[in-house]
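Here are a few exercises to work through with the model open in your viewer. Try each task before you read its solution.

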Amino acid sequence: MLAHYLSRLATEFTYERAKPFSGSKFGDFVRHDIAIEAKKILMLWPFDLKVKASVGQGVWASVPWLAFFDPLITETATKGFYVVYLVNPDKNTITLSMNQGTTAIYNDFGQTRGREVLKRRARDMADRVPEFAKLFSEDPISLSSEAGLPAGYEAGHSFGRTYKAGAVNDSQLTADLHQMLLAYEALVNRGGTTPSEVLQEEAEGQNIEEARRYILSRRIERSPKVRKSVLKSKPAVCECCGLDPKRDYGFNGPAFEAPLDIHHATPLYTLMEGETRRYKVPDDFMVLCPTCHRMIHKTTNSSDLAALKRKLRFKIAREIEYFTT
(Lines give C-alpha, C1' and ligand atoms only; values in the text may rest on other atoms or scores of the structure.)
Protein backbone atom coordinates (compact mmCIF):
# COMPACT_ATOMS: atom_id res chain seq x y z
CA MET A 1 0.00 0.00 0.00
CA LEU A 2 2.85 2.44 0.77
CA ALA A 3 4.30 1.89 -2.70
CA HIS A 4 0.91 2.72 -4.22
CA TYR A 5 0.50 5.82 -2.05
CA LEU A 6 3.96 7.16 -2.88
CA SER A 7 3.40 6.48 -6.57
CA ARG A 8 0.15 8.40 -6.38
CA LEU A 9 1.97 11.29 -4.71
CA ALA A 10 4.61 11.33 -7.44
CA THR A 11 2.13 11.25 -10.33
CA GLU A 12 -0.61 13.52 -8.96
CA PHE A 13 1.34 16.21 -7.11
CA THR A 14 1.93 18.50 -10.12
CA TYR A 15 -1.80 18.59 -10.86
CA GLU A 16 -2.82 19.02 -7.20
CA ARG A 17 -0.41 21.86 -6.42
CA ALA A 18 -2.11 23.96 -9.10
CA LYS A 19 -5.08 24.09 -6.69
CA PRO A 20 -5.28 26.16 -3.47
CA PHE A 21 -3.08 24.85 -0.68
CA SER A 22 -5.48 25.61 2.15
CA GLY A 23 -8.02 22.86 2.72
CA SER A 24 -6.51 20.54 0.12
CA LYS A 25 -7.79 16.98 0.45
CA PHE A 26 -4.69 15.78 -1.38
CA GLY A 27 -2.53 17.52 1.22
CA ASP A 28 -4.47 15.77 3.96
CA PHE A 29 -3.97 12.46 2.15
CA VAL A 30 -0.21 12.95 2.16
CA ARG A 31 0.11 14.23 5.73
CA HIS A 32 -2.29 11.68 7.21
CA ASP A 33 -2.79 8.60 5.04
CA ILE A 34 0.78 8.22 3.80
CA ALA A 35 2.23 8.85 7.26
CA ILE A 36 -0.16 6.35 8.84
CA GLU A 37 0.76 3.70 6.29
CA ALA A 38 4.45 4.21 7.04
CA LYS A 39 3.78 3.93 10.77
CA LYS A 40 1.99 0.62 10.20
CA ILE A 41 5.15 -0.76 8.61
CA LEU A 42 7.27 0.45 11.53
CA MET A 43 5.00 -1.41 13.96
CA LEU A 44 6.47 -4.65 12.61
CA TRP A 45 10.06 -3.50 13.25
CA PRO A 46 11.89 -2.56 16.47
CA PHE A 47 12.72 1.04 15.51
CA ASP A 48 11.77 3.99 17.71
CA LEU A 49 11.21 6.63 15.04
CA LYS A 50 8.99 9.62 14.39
CA VAL A 51 7.27 9.71 10.97
CA LYS A 52 6.16 12.81 9.10
CA ALA A 53 4.93 13.45 5.55
CA SER A 54 4.85 16.94 4.05
CA VAL A 55 3.67 18.79 0.95
CA GLY A 56 4.74 22.18 2.31
CA GLN A 57 3.91 24.63 5.09
CA GLY A 58 1.44 27.31 4.08
CA VAL A 59 2.34 26.91 0.40
CA TRP A 60 3.03 23.91 -1.81
CA ALA A 61 6.56 22.56 -1.58
CA SER A 62 8.68 22.01 -4.68
CA VAL A 63 9.48 18.51 -3.41
CA PRO A 64 7.07 16.59 -1.14
CA TRP A 65 8.56 14.03 1.25
CA LEU A 66 8.01 11.28 3.79
CA ALA A 67 10.66 11.17 6.52
CA PHE A 68 11.75 8.96 9.43
CA PHE A 69 13.42 10.72 12.37
CA ASP A 70 15.36 9.21 15.28
CA PRO A 71 14.47 11.49 18.25
CA LEU A 72 18.02 11.10 19.56
CA ILE A 73 19.17 13.04 16.49
CA THR A 74 16.26 15.16 15.27
CA GLU A 75 12.48 15.37 15.03
CA THR A 76 12.44 17.79 12.11
CA ALA A 77 13.66 17.86 8.52
CA THR A 78 15.46 21.17 9.13
CA LYS A 79 18.41 19.73 11.06
CA GLY A 80 20.31 16.55 11.88
CA PHE A 81 20.23 13.53 9.60
CA TYR A 82 17.39 11.18 8.75
CA VAL A 83 15.88 8.77 6.24
CA VAL A 84 13.50 10.27 3.72
CA TYR A 85 11.52 9.53 0.57
CA LEU A 86 11.95 12.52 -1.77
CA VAL A 87 9.47 12.84 -4.62
CA ASN A 88 10.34 14.35 -8.00
CA PRO A 89 6.92 15.21 -9.45
CA ASP A 90 8.38 16.27 -12.81
CA LYS A 91 10.03 12.91 -13.47
CA ASN A 92 7.50 10.89 -11.41
CA THR A 93 10.24 9.32 -9.29
CA ILE A 94 10.59 8.47 -5.61
CA THR A 95 14.03 8.44 -4.00
CA LEU A 96 14.76 6.68 -0.71
CA SER A 97 17.63 8.72 0.74
CA MET A 98 19.93 8.96 3.74
CA ASN A 99 19.84 12.73 3.98
CA GLN A 100 20.39 15.78 6.17
CA GLY A 101 18.64 18.88 7.44
CA THR A 102 19.26 21.66 4.94
CA THR A 103 17.85 24.68 6.77
CA ALA A 104 20.24 24.53 9.74
CA ILE A 105 23.26 24.23 7.43
CA TYR A 106 22.07 27.12 5.24
CA ASN A 107 21.60 29.25 8.35
CA ASP A 108 25.17 28.57 9.42
CA PHE A 109 27.00 28.75 6.10
CA GLY A 110 24.70 30.30 3.50
CA GLN A 111 23.33 28.37 0.53
CA THR A 112 26.39 28.14 -1.71
CA ARG A 113 28.90 27.10 0.94
CA GLY A 114 26.20 25.19 2.79
CA ARG A 115 25.71 22.83 -0.14
CA GLU A 116 29.44 22.06 -0.10
CA VAL A 117 29.22 21.31 3.62
CA LEU A 118 26.26 19.00 2.98
CA LYS A 119 28.16 17.15 0.24
CA ARG A 120 31.17 16.65 2.50
CA ARG A 121 29.05 15.35 5.36
CA ALA A 122 27.12 13.10 2.98
CA ARG A 123 30.41 11.50 1.96
CA ASP A 124 31.38 11.06 5.62
CA MET A 125 28.03 9.42 6.38
CA ALA A 126 28.48 6.84 3.64
CA ASP A 127 32.03 6.14 4.80
CA ARG A 128 30.85 5.58 8.37
CA VAL A 129 28.40 2.81 7.35
CA PRO A 130 30.07 1.35 4.22
CA GLU A 131 28.47 -2.08 4.56
CA PHE A 132 25.04 -0.44 4.15
CA ALA A 133 26.03 2.22 1.62
CA LYS A 134 27.19 -0.48 -0.79
CA LEU A 135 23.68 -1.96 -0.81
CA PHE A 136 22.39 1.25 -2.36
CA SER A 137 23.59 3.81 -4.90
CA GLU A 138 25.88 6.70 -3.99
CA ASP A 139 25.22 8.47 -7.29
CA PRO A 140 23.85 12.04 -7.17
CA ILE A 141 20.09 12.45 -7.27
CA SER A 142 17.98 14.91 -9.27
CA LEU A 143 14.84 16.59 -7.96
CA SER A 144 14.31 18.82 -11.02
CA SER A 145 14.07 22.04 -9.02
CA GLU A 146 16.24 25.12 -8.70
CA ALA A 147 14.73 26.09 -5.35
CA GLY A 148 17.02 26.27 -2.33
CA LEU A 149 15.67 23.36 -0.30
CA PRO A 150 15.59 20.78 -3.13
CA ALA A 151 19.16 21.78 -4.05
CA GLY A 152 20.07 21.16 -0.42
CA TYR A 153 18.39 17.75 -0.48
CA GLU A 154 20.42 16.87 -3.57
CA ALA A 155 23.65 17.98 -1.89
CA GLY A 156 22.78 16.28 1.42
CA HIS A 157 22.00 12.91 -0.19
CA SER A 158 24.46 10.27 1.02
CA PHE A 159 23.13 7.05 -0.53
CA GLY A 160 19.80 5.57 -1.52
CA ARG A 161 17.65 4.21 -4.31
CA THR A 162 15.35 5.83 -6.87
CA TYR A 163 12.13 4.18 -8.09
CA LYS A 164 9.83 5.03 -10.97
CA ALA A 165 6.28 5.70 -9.80
CA GLY A 166 4.08 2.69 -10.51
CA ALA A 167 7.06 0.42 -11.12
CA VAL A 168 7.83 -0.43 -7.49
CA ASN A 169 5.94 -2.86 -5.27
CA ASP A 170 5.57 -3.02 -1.51
CA SER A 171 7.90 -5.99 -1.16
CA GLN A 172 10.83 -4.18 -2.74
CA LEU A 173 10.00 -0.88 -1.07
CA THR A 174 9.79 -2.32 2.46
CA ALA A 175 12.90 -4.48 2.03
CA ASP A 176 14.92 -1.43 1.00
CA LEU A 177 13.40 0.69 3.76
CA HIS A 178 14.30 -1.90 6.39
CA GLN A 179 17.93 -1.94 5.25
CA MET A 180 18.02 1.86 5.18
CA LEU A 181 16.64 2.10 8.71
CA LEU A 182 19.27 -0.41 9.89
CA ALA A 183 21.85 1.86 8.26
CA TYR A 184 20.31 4.84 10.06
CA GLU A 185 20.55 3.06 13.40
CA ALA A 186 24.17 2.09 12.74
CA LEU A 187 25.01 5.66 11.74
CA VAL A 188 23.51 7.01 14.97
CA ASN A 189 25.41 4.41 17.00
CA ARG A 190 28.71 5.29 15.29
CA GLY A 191 28.52 9.02 15.89
CA GLY A 192 26.54 10.29 12.93
CA THR A 193 28.17 13.25 11.19
CA THR A 194 30.52 14.06 14.09
CA PRO A 195 34.21 13.63 13.11
CA SER A 196 36.05 10.83 14.93
CA GLU A 197 38.55 13.21 16.53
CA VAL A 198 35.68 15.26 18.00
CA LEU A 199 34.06 12.10 19.35
CA GLN A 200 37.27 11.10 21.10
CA GLU A 201 37.88 14.60 22.43
CA GLU A 202 34.43 14.77 24.00
CA ALA A 203 34.92 11.25 25.39
CA GLU A 204 38.23 12.42 26.91
CA GLY A 205 40.60 10.40 24.76
CA GLN A 206 38.92 7.00 24.82
CA ASN A 207 39.40 4.72 21.83
CA ILE A 208 36.96 5.20 18.97
CA GLU A 209 34.58 2.37 19.93
CA GLU A 210 34.38 3.57 23.53
CA ALA A 211 33.96 7.14 22.32
CA ARG A 212 31.03 6.14 20.11
CA ARG A 213 29.31 4.39 23.02
CA TYR A 214 29.93 7.39 25.25
CA ILE A 215 28.48 9.84 22.71
CA LEU A 216 25.44 7.63 22.12
CA SER A 217 24.85 7.43 25.88
CA ARG A 218 25.07 11.22 26.10
CA ARG A 219 22.60 11.58 23.22
CA ILE A 220 20.18 9.35 25.12
CA GLU A 221 20.60 11.39 28.32
CA ARG A 222 20.03 14.68 26.49
CA SER A 223 16.98 13.54 24.54
CA PRO A 224 13.98 15.70 25.58
CA LYS A 225 11.72 12.68 25.05
CA VAL A 226 13.80 10.50 27.38
CA ARG A 227 14.15 13.25 29.97
CA LYS A 228 10.41 13.86 30.15
CA SER A 229 9.68 10.13 30.40
CA VAL A 230 12.20 9.54 33.18
CA LEU A 231 11.13 12.55 35.26
CA LYS A 232 7.52 11.50 34.84
CA SER A 233 8.39 8.09 36.29
CA LYS A 234 10.86 9.14 39.01
CA PRO A 235 10.92 11.89 41.68
CA ALA A 236 12.82 15.03 40.65
CA VAL A 237 15.38 14.53 43.42
CA CYS A 238 19.06 13.56 43.17
CA GLU A 239 19.26 9.83 43.89
CA CYS A 240 22.74 10.22 45.36
CA CYS A 241 22.98 13.34 47.54
CA GLY A 242 19.26 13.97 47.88
CA LEU A 243 19.25 17.49 46.45
CA ASP A 244 15.63 18.51 45.89
CA PRO A 245 15.32 21.58 43.62
CA LYS A 246 11.84 22.43 44.91
CA ARG A 247 12.81 22.20 48.57
CA ASP A 248 16.39 23.43 48.38
CA TYR A 249 16.11 26.14 45.71
CA GLY A 250 12.41 26.93 45.63
CA PHE A 251 12.16 25.67 42.06
CA ASN A 252 8.54 25.87 40.91
CA GLY A 253 8.68 24.75 37.28
CA PRO A 254 7.61 21.43 35.75
CA ALA A 255 9.69 18.39 36.67
CA PHE A 256 11.31 18.02 33.25
CA GLU A 257 12.75 21.55 33.58
CA ALA A 258 14.28 20.88 37.01
CA PRO A 259 18.05 21.57 37.35
CA LEU A 260 18.81 17.86 37.43
CA ASP A 261 20.48 15.48 34.97
CA ILE A 262 19.28 12.18 33.57
CA HIS A 263 22.03 9.57 33.76
CA HIS A 264 21.92 6.59 31.40
CA ALA A 265 23.06 3.98 33.89
CA THR A 266 23.09 0.87 31.70
CA PRO A 267 26.58 0.52 30.18
CA LEU A 268 26.34 0.53 26.41
CA TYR A 269 29.15 -1.99 26.15
CA THR A 270 26.59 -4.61 27.17
CA LEU A 271 24.67 -3.95 23.93
CA MET A 272 25.93 -5.43 20.69
CA GLU A 273 25.78 -3.18 17.61
CA GLY A 274 22.58 -3.91 15.78
CA GLU A 275 20.69 -4.70 19.00
CA THR A 276 17.76 -2.33 18.88
CA ARG A 277 17.06 -2.03 22.60
CA ARG A 278 19.01 1.07 23.62
CA TYR A 279 17.25 1.85 26.89
CA LYS A 280 14.24 1.14 29.07
CA VAL A 281 12.50 3.91 31.01
CA PRO A 282 12.85 4.26 33.94
CA ASP A 283 14.89 1.14 34.76
CA ASP A 284 18.06 2.17 32.89
CA PHE A 285 18.26 5.70 34.30
CA MET A 286 19.20 7.64 37.42
CA VAL A 287 18.18 11.17 38.35
CA LEU A 288 21.27 13.02 39.57
CA CYS A 289 22.26 16.60 40.32
CA PRO A 290 24.94 17.94 37.92
CA THR A 291 27.73 17.40 40.49
CA CYS A 292 26.81 13.79 41.24
CA HIS A 293 26.34 13.13 37.53
CA ARG A 294 29.84 14.38 36.79
CA MET A 295 31.26 12.33 39.65
CA ILE A 296 29.60 9.06 38.63
CA HIS A 297 31.33 9.37 35.25
CA LYS A 298 34.63 9.61 37.15
CA THR A 299 34.07 6.24 38.85
CA THR A 300 35.13 2.87 37.47
CA ASN A 301 31.51 1.75 37.14
CA SER A 302 29.13 4.50 36.08
CA SER A 303 26.11 2.32 36.85
CA ASP A 304 27.00 1.74 40.53
CA LEU A 305 24.95 4.24 42.51
CA ALA A 306 25.76 2.54 45.83
CA ALA A 307 29.49 3.06 45.25
CA LEU A 308 28.93 6.74 44.53
CA LYS A 309 26.89 7.12 47.70
CA ARG A 310 29.74 5.58 49.72
CA LYS A 311 32.05 8.29 48.39
CA LEU A 312 29.68 11.08 49.40
CA ARG A 313 31.17 13.23 52.18
CA PHE A 314 28.39 15.77 52.71
CA LYS A 315 24.71 15.94 53.49
CA ILE A 316 22.17 18.48 52.30
CA ALA A 317 21.64 20.91 55.20
CA ARG A 318 18.05 22.08 55.22
CA GLU A 319 17.18 22.69 58.84
CA ILE A 320 20.01 24.86 60.16
CA GLU A 321 19.31 28.50 60.92
CA TYR A 322 21.22 29.81 57.88
CA PHE A 323 18.62 28.32 55.55
CA THR A 324 15.55 29.20 57.58
CA THR A 325 16.08 32.89 58.31
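The exercises below cover packing and salt bridges in this predicted model.

**Exercise 1.** Find which residues touch the most other members of the largest nonpolar core.

*Solution.* Start with the core itself, which holds 88 residues. Its best-connected members are Ile-34, Leu-66, Phe-68, Tyr-85, Leu-181 and Tyr-184. Next, look at where the core comes from: helix H7 (residues 170-189) gives the largest share, nine residues. Don't miss a second, separate core of six residues, with Tyr-106 and Leu-118 among them.

**Exercise 2.** Work out what the salt bridge between Asp-90 and Arg-17 ties together.

*Solution.* First check the distance: the closest N and O atoms of Asp-90 and Arg-17 are 4.0 Å apart. Now place each partner. Asp-90 sits in the loop between strands S3 (81-88) and S4 (93-100), while Arg-17 is in the loop between helices H1 (2-16) and H2 (25-42), so the bridge links parts 73 residues apart in sequence. Finally, check exposure: Asp-90 is partly exposed at 48% relative accessibility, and Arg-17 is partly exposed at 27%.

**Exercise 3.** Classify Lys-19 and Glu-16 as buried, partly exposed or exposed.

*Solution.* These two side chains meet in a salt bridge, 3.4 Å from N to O. Buried means under 20% relative accessible area. Glu-16 has 12%, so Glu-16 is buried. Lys-19, at 35%, counts as partly exposed.

**Exercise 4.** Say how far apart Arg-31 and Asp-28 are along helix H2.

*Solution.* Their side chains form a salt bridge of 3.2 Å, N to O. Arg-31 and Asp-28 are three residues apart in helix H2, which means about one helical turn separates them.

Terms used. Residues are numbered from 1 along each chain as its sequence is written. This is a predicted model: local features need pLDDT of at least 70, side-chain atom pairs count only at pLDDT 80 or more; totals for chains, interfaces and linings use all residues. Side-chain values use heavy atoms; hydrogens and water are left out. A nonpolar core is a set of buried Ala, Val, Leu, Ile, Met, Phe, Trp, Tyr and Cys residues joined through side-chain atoms within 4.5 Å. Buried means under 20% relative accessible area, exposed over 50%, partly exposed in between (1.4 Å probe, protein chains only). Helices (H or I, at least four residues) and strands (E, at least two) are DSSP runs, numbered from the N terminus.
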